[in-house]
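Grab a pencil and work through these exercises with the structure open beside you. Try each task on your own before you read its solution.

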Amino acid sequence: MIQEIAPQVYHLEYQVKEPAAAGKVFCFREGCVLLTRERRVPLRAQLGDCPIRYRYLFAIDREEYYLGEPLGPVQVPGLEWMPRRVLRGLEPLSQAFAGYTARHLEHWYRDNRFCGRCGGPMEPGMEERKLVCAACGFQVYPRINPAVIVAVHDGDRLLMTRYARRPIPWFVLLAGFIEVGETAEQCVAREVREEVGIQVKHIRYYGSQPWGMSGNLTLAYTAELDGGDRLTVDRTELAEARWFFRDQVPIRKEDRVSITQDMVRAFAAGRF
Ligand SMILES: [Zn+2]
């Protein structure tokens with residue numbers, strides 16, 4: 001999965017510092033990310049005197065990663081603005097994880113330039129990652145959206161679905177965001193009921209995954225069918241829902257990053 005970068009280690013301790021020449025810099029702009037033609041993360045030295053504001057993000061082992069916020073046009077020979085989706089395929093896997101995590105923080109900084117309480121400009125905290133309003137003192141911490149994903153099965157078959165309105169044509173697992181006042185387990189039962197019209201029991205925690213591309217923390221569960229298996233599909237959300245026998249579940253070999261595929265492989269291997 002995308003966060004499984006061992007033996008490399010993700011260091012999230014907050015610091016306020018400017019990049020050295022070898023610091024790696026993620027610059028984002030209108031759905032694109034700035035990379036070398038070989039799809040490497042550019043170094044600070046390669047960005048020269050481009051109009052960029054730098055923020056320290058994190059380190060992986062001893063390599064430091066920065067956010068580069070363009071303050072004007074950034075055009076550098078050898079660097080290209082590429083669609084953000086290429087981040088998922090960066091090599092090694094730690095670079096994909098770094099890209100997703102950088103994108104998560106970039107959106108948070110981008111969307112919190114002004115105070116939601118008084119409209120004043122926000123400034124970075126000095127001792128922890130937060131933004132503070134200079135006028136009224138209001139503080140904002142990085143936003144992480146809790147979501148659930150659930151592998152519903154009946155002992156022999158796994159329930160998989162295809163989205164109706166998203167550019168993901170392959171089969172996935174049911175998922176949704178946790179509502180205010182709801183537990184993760186209640187969310188699992190509600191999403192299953194709303195999207196395919198069945199009941200589940202024995203909802204068990206499977207694992208979790210930070211998914212920076214959409215700013216989520218995904219909590220993954222398994223659940224067993226409770227009662228009839230007849231599906232009533234919510235056509236506003238889903239194009240299709242289908243039960244797959246254990247030896248027929250669609251495995252996407254190219255997906256080495258998502259907890260969805262981790263669970264699908266686990267089911268195929270008989271681990272639940
Ligand atoms: Zn304020």
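The exercises below are about a predicted model, and each solution goes step by step.

**Exercise 1. The zinc site**

Find the protein donors of the zinc ion, and work out what arrangement the four donor atoms make.

*Solution.*
- Step 1: Look around the zinc ion for its donors. You should land on the SG atoms of Cys-115, Cys-118, Cys-133 and Cys-136, lying 2.3 to 2.4 Å from the ion.
- Step 2: Check the angles. The four donor atoms subtend 98 to 116 degrees around the zinc ion, which makes the arrangement tetrahedral. For four donors to count as tetrahedral, all angles must lie between 85 and 135 degrees.
- Step 3: Compare with the textbook. The ideal angle for four tetrahedral donors is 109.5 degrees.
- Step 4: Now read along the chain. The donor residues follow the spacing C-x2-C-x14-C-x2-C. Cys-115 sits in the loop between α1 (93-111) and β7 (122-124), while Cys-133 belongs to strand β8 (residues 131-133), and the two are 18 residues apart.
- Step 5: Are Cys-115 and Cys-133 buried or exposed? Cys-115 and Cys-133 are both buried.

**Exercise 2. Helix α1**

Test whether the span of α1 agrees with its number of residues, then find out how many of its residues are buried.

*Solution.*
- Step 1: Get the expected span. The rule takes 1.5 Å times one less than the number of residues, and for the 19 residues of α1 that gives 27 Å.
- Step 2: Compare it with the model. The end C-alpha atoms of α1 are 28 Å apart, which agrees with the expected span.
- Step 3: Count the buried residues. In α1, 17 of the 19 residues are buried, so the helix is largely enclosed by the rest of the structure.

**Exercise 3. The nonpolar cores**

Which residues touch the most other members of the largest nonpolar core, and which element gives it the largest share?

*Solution.*
- Step 1: Recall the general trend. In soluble globular proteins, nonpolar side chains tend to be buried together.
- Step 2: Pick out the best-connected members. The largest nonpolar core has 34 residues, and Phe-26 and Leu-87 touch the most other members.
- Step 3: See who contributes. Two or more residues each come from β2 (24-29), β3 (32-36), β4 (52-60), β5 (63-70), α1 and β8. The largest share, nine residues, is from α1.
- Step 4: Zoom in on Phe-26. Leaving out residues up to four places away in sequence, its contacts include Val-33, Tyr-65, Leu-67, Leu-87 and Ala-102.
- Step 5: Don't stop there! Another core, of 23 residues, lies apart from the largest one, and Tyr-163, Ile-198, Leu-219 and Leu-238 are among its members.

**Exercise 4. The domains**

List the domains, then describe how domain 1 and domain 2 meet.

*Solution.*
- Step 1: Split the chain. The domain assignment gives domain 1 (10-111), domain 2 (112-142) and domain 3 (145-268).
- Step 2: Take the distance. The C-alpha centres of domain 1 and domain 2 lie 23 Å apart.
- Step 3: Look at the contacts. Here 10 residues of domain 1 are in contact with 13 residues of domain 2.

**Exercise 5. Buried or partly exposed?**

Sort Thr-161, Gln-261 and Gly-197 into buried or partly exposed. You'll need one cut-off: buried means under 20% relative accessible area.

*Solution.*
- Step 1: Start with Thr-161, in strand β11 (residues 157-163). Its relative accessible area is 1%, so Thr-161 is buried. Beyond its neighbours within four places in sequence, its contacts include Trp-170, Val-196 and Leu-238.
- Step 2: Go on to Gln-261, in helix α3 (residues 259-268). With a relative accessible area of 2%, Gln-261 is buried. Outside the residues up to four places away, it touches Pro-250, Ile-251, Arg-252 and Asp-255.
- Step 3: Finish with Gly-197, in the loop between α2 (184-196) and β13 (200-211). Its value is 39%, so Gly-197 is partly exposed.

**Exercise 6. Backbone oddities**

Find the cis peptide bond before Pro-92, and a residue with a positive phi that is not a glycine.

*Solution.*
- Step 1: Glu-91 and Pro-92 are joined by a cis peptide bond, with omega about -10 degrees. Pro-92 is in the loop between β6 (79-83) and α1.
- Step 2: Asp-61 is not a glycine, yet its phi is positive, about 55 degrees. You'll find Asp-61 in the loop between β4 and β5.

Key:
Residues are numbered from 1 along each chain as its sequence is written. This is a predicted model: local features need pLDDT of at least 70, side-chain atom pairs count only at pLDDT 80 or more; totals for chains, interfaces and linings use all residues. Side-chain values use heavy atoms; hydrogens and water are left out. Donors are N, O and S atoms within 2.8 Å of the metal (3.2 Å for Na, K and Ca); water is not among the atoms, so sites may look incomplete. Four donors count as tetrahedral if all angles lie between 85 and 135 degrees; four count as square planar and six as octahedral if opposite donors are over 155 degrees apart and all others between 65 and 115; anything else is irregular. Helices (H or I, at least four residues) and strands (E, at least two) are DSSP runs, numbered from the N terminus. Buried means under 20% relative accessible area, exposed over 50%, partly exposed in between (1.4 Å probe, protein chains only). Contact means heavy atoms within 4.5 Å. A nonpolar core is a set of buried Ala, Val, Leu, Ile, Met, Phe, Trp, Tyr and Cys residues joined through side-chain atoms within 4.5 Å. Domain bounds come from an automatic or database domain assignment.
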